[in-house]
Amino acid sequence: MTNNPTAILDAAARFRREMGDNLHDKLTEAIYNDAGQIAARAVSSGEHSSNKNFGQFFDRIVTSRWFGFPLMILLLTVVFWLTIAGANIPSAMLGELLQGTVYNLLHDFASSLNAPWWLSGFLIDGVYLATAWVVSVMLPPMAIFFPLFTLLEDLGYLPRVAFNLDRLFKRAGAHGKQALTMMMGYGCNAAGVVSTRIIDSPRERLIAIITNNFAICNGRWGTLILIGAIFIGSTAPPALASLIAATSVVAIAILGVIFTLLVSAFLSKTWLKGEASSFSLELPPYRPPQIWQTLYKSIIDRTFIVLKRAVLMAAPAGAVIWLMSNVNIGEASVAAHLVSFLNPFGLLLGLNGVILVAYIVAIPANEIVVPTILMLTLNMAKSGLAQTGVMSGLDDDLQIRQVLTEVGGWTILTGVNLMLFSLLHNPCSTTIWTIWQETKSFKWTTVATLLPVVLGIAVCFLTASVARLTGLI
Amino acid sequence: MSAHAETLNQCGSCASSCHHTAQLTKLGLKIRNWDYTVALAGNPNTGKSTIFNQLTGLHQHVGNWAGKTVTRAEGAFTLNGKKYKLVDLPGTYSLLSTSVDEEIARDFVLFGQPDVTVVVADATRLERNLNLVLQVLEITDRAVVALNLIDEAERNDLTVDERALARDLGVPVVPMAARRGAGVKELLGAIEMVASGQFSARPHRIKYIDQKLETAIETLAEQLRGEFDDLPNARWVALRLLEGDENIINAVETRTLGKVKEAGAFPSLVESEAR
């Protein structure tokens, strides 16, 4: 007999035909049989398995048809309420320090050195200020939100959420594991896209990749929390403000889930037709969370890593914004040209030109949307304002709100639509790159990139039109 | 059988006696010129990443749910002067299916031929976890079973006789409570024994009751051994051929069996869609 690959493969094919289709079953059966025997010899169980019963009792509640969803929404609301209520004061303190004291010190130092205006402007009003804003706006909410979220994760709550959502995903023609990849997306969409590898079927995996962007990522929670607090929360009496703000953030998150399901259903009925495959989802045992490790993990691994990325992106973005605002073409700056070019379209969507420019500048990282908006808004109205110290005095939510409404001309519609657009816009460049890496398909990368923006434009246009027609603005 | 049990005992006594002198240095990501490669396999949610972090000093995110690790994470440590590269594989229930995360785990154990494969098993769900252990033992002799979450099993009033288990499986079994760091030393001892070849395993082989299947596997395995020099897992490859596994068929056809398939180099989704 000649031993070459073809001969071996031929022999294999012949055996395969002889043995028929149930080979896989026979094999699985043999493995299970052996495993069962070995386990029976090794394991002996005592009388009490109280712990397990306790877990089962809990599971019946958190995954029940009636309590499952309300409990989920309640928990999320509590998490955001704690975040918003808790972040207020530290945010203001950080703002005062970084945008006030340090900012002024830097300018004093620069003028004592007789630094040229463009150098101190570029470095202090551009690079430094953008970085300072990212830190003061994002650090406090993240430092509260991430440990709370990680705690829920450590307890084993996230797989229960996935379990609750499984039914809905199945009805949408998608894989139940998509609920898990969505949970990953709540941290980072790029990670969420990579985690779709747990889904076997290419069809369902593509659906999960395309819709992952509807899971709000680290970079966007900050925007939502801030805008929710200063535009939605402030419409309520002070005692309820944080709660209402938290509710608005939860509403956006739920809207994200609804969009995930709708788009999944749409894709599985059109371009990616097919049946949902079934799988078994293990509900891991409840494990007592290790508080200190959780704190360490969420502060070092998440808060600082996200913040580092934000700062790394903010510094060059600050430089770009400063250059855009100070390099003139004709009468006006580059930024002014861009903003006034995009403004009509922005206003049509209930947003404005500044927001659209900010979303272009922030393609590398969603984290810098708010600081970019603030800097551009102030630079647009630079004549007088920046020099009189308004820019450095932006150290709490109330002042940010004042700048946006008085200088930027924002209404509550702008706030609401910014939150909607934050949910529905293109993924960041890292995520787009990851989608390309995972699919190696130009077509699907384009779909995954553009579909959310198109949806965002449609939804914002709709809310703006309704608001205008009903005379709300 | 008795000689076999003796080796196990030797291993056990060594693990407890010679290893308080063990010099473990966590090297984090510094992986260059390693002496041994160690793979960490196991069901999702059994504590692979916790063990990985304990040994390397890294802070790979540990998640209490399936799908947290879908790529290979690599780290390193030195033990008694030898340098080990540790590869954390995605958690899988089986090596028989076709999702990308399971392929990564399977291909690494199969083609990467690690010097030691540590299979982490959840002591509270031993029967289900053994399915994967048995499949790994089909591929490689050089395995260690880390019987993790032994503390949780105790709380649930379950007792696992690790000596009986070691006897049945034919490889070292180390009871652990990795979250508390318990059993880490013993695990290192077992890894060292297997890596250095001091411990020679007689791993459990799955009993195929079906005679036709057994004959087919042995015939193909014989041919494979003739074709590919020192293929340690010929029976497993034969089995995959019988199952019509496209990747393995390709690897045989192109004679790339035995070459490491790097994580990240997947057939594109669109390609596999067309398949």
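# A walk through chains A and B

In chain A, 76% of the contacts with a separation of 6 or more are made by residues 24 or more positions apart. Keep in mind as you look around that this is a predicted model. Chain A has 473 residues, and 47% of them are buried. Its secondary structure comes to 20 helices and three strands.

Let's start with a pair of helices in chain A. Helix α10 of chain A covers residues 218–232, helix α18 of chain A covers residues 412–423, and their axes come within 10 Å while crossing at roughly 160°. An angle over 145 degrees counts as roughly antiparallel, and α10(A) and α18(A) are therefore roughly antiparallel to each other. The crossing of α10(A) past α18(A) is left-handed. If you want to find the contact on screen, look on the α10(A) side for A:Arg220, A:Thr223, A:Leu224, A:Ile227, A:Gly228, A:Phe231 and A:Ile232. Facing them from α18(A) are A:Ile412, A:Gly415, A:Leu418, A:Met419 and A:Ser422. Sorted by class, the contact between α10(A) and α18(A) has seven nonpolar residues, four polar ones and one charged one.

Now for another pair in chain A. Helix α9 of chain A (residues 202–211) packs with α11(A) at an angle of about 140°, and the two axes are 10 Å apart. That angle makes the pair oblique, because roughly antiparallel is kept for angles over 145 degrees. Here α9(A) passes α11(A) in a right-handed crossing. From α9(A), the contact uses A:Ile207, A:Ile210 and A:Thr211. From α11(A) come A:Thr260, A:Val263, A:Ser264, A:Leu267 and A:Ser268. By class, the α9(A) contact with α11(A) has four nonpolar and four polar residues, and no charged ones.

From there, move on to A:Gly274, in the loop that links α11 (238–269) to α12 (291–326) of chain A. Is A:Gly274 buried or exposed? With 15 other C-beta atoms within 10 Å, A:Gly274 is partly exposed; being buried would take 20 or more. Leaving out residues up to four places away in sequence, A:Gly274 touches A:Arg203 and A:Ser268. You have already met A:Ser268 in the contact of α9(A) with α11(A). There is also a link across the sequence: A:Gly274 and A:Gly173 are 101 residues apart along the chain, yet their C-alpha atoms are 7.2 Å apart in space.

Over to chain B. It has 275 residues, of which 51% count as buried, and it contains eleven helices and eight strands. Among its contacts with a separation of 6 or more, 69% are between residues 24 or more positions apart.

A loop residue makes a good first stop here. B:Thr140 sits in the loop between α4 (126–139) and β6 (143–148) of chain B. Although it is in a loop, B:Thr140 is buried, because 23 other C-beta atoms lie within 10 Å and 20 or more is enough to qualify. B:Thr140 and B:Val116 are 24 residues apart in sequence, with 8.7 Å between their C-alpha atoms.

The last stop is helix α6 of chain B, residues 162–169, where the buried residues are B:Leu165, B:Ala166 and B:Leu169. Why do they share one side of α6(B)? They cover an arc of only 100° around the axis, which puts them on the same side of α6(B). Right after α6(B) comes B:Gly170, with a positive phi near 75°.

Note on methods
Residues numbered from 1 in each chain as written. Chains lettered and ligands numbered in written order. Predicted model: local features only at pLDDT ≥ 70, side-chain atom pairs only at ≥ 80, totals over all residues. Helix = DSSP H or I, 4+ residues; strand = E, 2+ residues; numbered from the N terminus. Buried ≥ 20, exposed ≤ 12 C-beta atoms within 10 Å, placed from the backbone. Contact = placed C-beta atoms within 7 Å. Arc of directions from axis to C-beta. Axes fitted to C-alpha atoms, helices over the stretch in contact; angles between N-to-C directions. Parallel < 35°, antiparallel > 145°, perpendicular 65-115°, else oblique. Left-handed = near helix turned anticlockwise from the far one by under 90°. Nonpolar A, V, L, I, M, F, W, Y, C, P; charged D, E, K, R; others polar.
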